[in-house]
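The following exercises concern a single protein model. Please attempt each task before reading its solution.

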Amino acid sequence: MSTAQSTPEKKVTTNTVQEMKRRGEKISMLTAYDYTMAKMVDAAGIDIILVGDSASNVMAGHETTLPITLDQMIYHASSVVRAVKRALVVVDLPFGSYQGDSKQALNSAIRIMKESGAHAVKLEGGVEIIDSIKRILSAGIPVMGHLGLTPQSIYKFGTYTVRAREEAEAAKLYEDALLLEQTGCFSIVLEKIPSELGKKVARAVKIPIIGIGAGPDVDGQVLVTHDMLGMTYQFHPRFLRRYLNLYQEITNAISQYVVDVKSGDFPNEHERY
Ligand code: KIV
């Protein structure tokens with residue numbers, strides 16, 4: 001079948017993904033928050049695993065990404081790092097762990113790197129958080145930026161709709177992307193913006209642009225693994241391609257287990273000592 005399974009286990013680094021952009025090779029990125037899922041995602045040959053603060057929604061059932069804490073992110077990231085042999089592991093700095101000032105941002109990033117063993121951190125925002133990004137970079141910690149629909153600002157936006165359709169917001173996003181590159185970010189996620197803007201930014205910078213709802217003309221794509229596997233079902237953005245319907249498959253399997261236990265069919269003569 002696919003050749004992804006036979007990908008050699010040479011570790012992906014921030015240099016690797018920058019080299020991939022130079023070669024014109026697309027970069028694949030997915031989320032993981034736990035050991036078992038990270039093992040499968042890594043074995044399948046993904047380039048970057050994001051321990052996203054979407055764990056707040058997916059793992060904890062919160063409505064937004066705001067409640068997840070730094071300690072919880074470190075717990076998720078440590079579990080992922082223990083599973084991963086090849087992928088680059090990037091961890092979101094959660095809401096409230098970097099917006100205070102650059103010292104707070106650096107301390108949070110250092111805790112993530114020290115306590116989880118991850119390889120890089122991701123922060124949401126542009127010029128507003130540039131001092132924090134500079135300080136984290138000055139400690140030798142690679143930083144991935146995140147522009148466009150930045151879910152930690154959902155109460156400012158008021159809605160999860162497409163961002164940067166208006167000229168002023170698009171111009172700011174473009175300038176922010178140039179600034180993040182110039183400051184030293186190794187890559188940027190662009191979330192839910194017009195495809196033309198995604199293309200314009202990807203062409204303007206040398207660092208890889210990873211899109212989620214940013215069209216095909218960026219350097220790579222990221223999705224939330226639980227969404228693309230159909231483990232979640234309430235969420236239907238246009239950018240989401242579902243590869244499985246695991247919600248249905250898993251509930252069917254569990255219903256069958258309930259039937260088997262109640263009927264006495266499980267365990268059978270081969271499933272006992
Ligand atoms: O937290 C997350 O999963 C993310 C991706 C959607 C890019 O930031």
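**Exercise 1.** Is S97 buried or exposed?

*Solution.* The model is predicted. Begin with the location: S97 lies in the loop between β3 (88-92) and α5 (102-116). Next, take the relative accessible area of S97, which is 5%. Buried means under 20%, so S97 is buried. Then examine its surroundings: beyond its neighbours within four places in sequence, S97 contacts Q104, A105 and S108. Finally, a polar atom of the S97 side chain lies 2.7 Å from the backbone oxygen of P94.

**Exercise 2.** Determine where the annotated binding-site residues lie and which polar contacts D92 makes with D53 and K122.

*Solution.* Start from the record: an unreviewed UniProt entry places the feature "binding site" at D53, S54, D92 and K122. These positions are spread over 70 residues of sequence, yet they cluster in space, with a largest C-alpha distance of 12.5 Å. The lining of the largest pocket includes D53, S54, D92 and K122.

Now consider two of them individually. D92 is found in strand β3 and is buried, at 3% relative accessible area. K122 belongs to strand β4 (residues 120-122) and is also buried, at 2% relative accessibility. The D92 side chain reaches the backbone nitrogen of D53 at 2.7 Å, and the side chains of K122 and D92 make a polar contact (2.7 Å).

**Exercise 3.** Which residues touch the most other members of the largest nonpolar core?

*Solution.* This core has 60 residues, of which V121, L123, I136 and L190 touch the most other members. Helix α4 (residues 70-83) supplies the largest share, 6 residues.

Terms used:
Residues are numbered from 1 along each chain as its sequence is written. This is a predicted model: local features need pLDDT of at least 70, side-chain atom pairs count only at pLDDT 80 or more; totals for chains, interfaces and linings use all residues. Side-chain values use heavy atoms; hydrogens and water are left out. Helices (H or I, at least four residues) and strands (E, at least two) are DSSP runs, numbered from the N terminus. Buried means under 20% relative accessible area, exposed over 50%, partly exposed in between (1.4 Å probe, protein chains only). A polar contact is a pair of N or O atoms within 3.5 Å; within protein, one must be able to donate a hydrogen and the other to accept it, and residues adjacent in sequence count only if both atoms are side-chain atoms. Contact means heavy atoms within 4.5 Å. A nonpolar core is a set of buried Ala, Val, Leu, Ile, Met, Phe, Trp, Tyr and Cys residues joined through side-chain atoms within 4.5 Å. UniProt positions are given in the numbering used here, feature names are shortened, and annotations may be inferred rather than shown by experiment. On a 1 Å grid over the protein atoms alone, a cavity is a set of points where a 1.4 Å probe fits but cannot get out, and a pocket is an open set with protein on both sides within 12 Å along at least five of seven lines; lining residues have an atom within 4 Å of a point.
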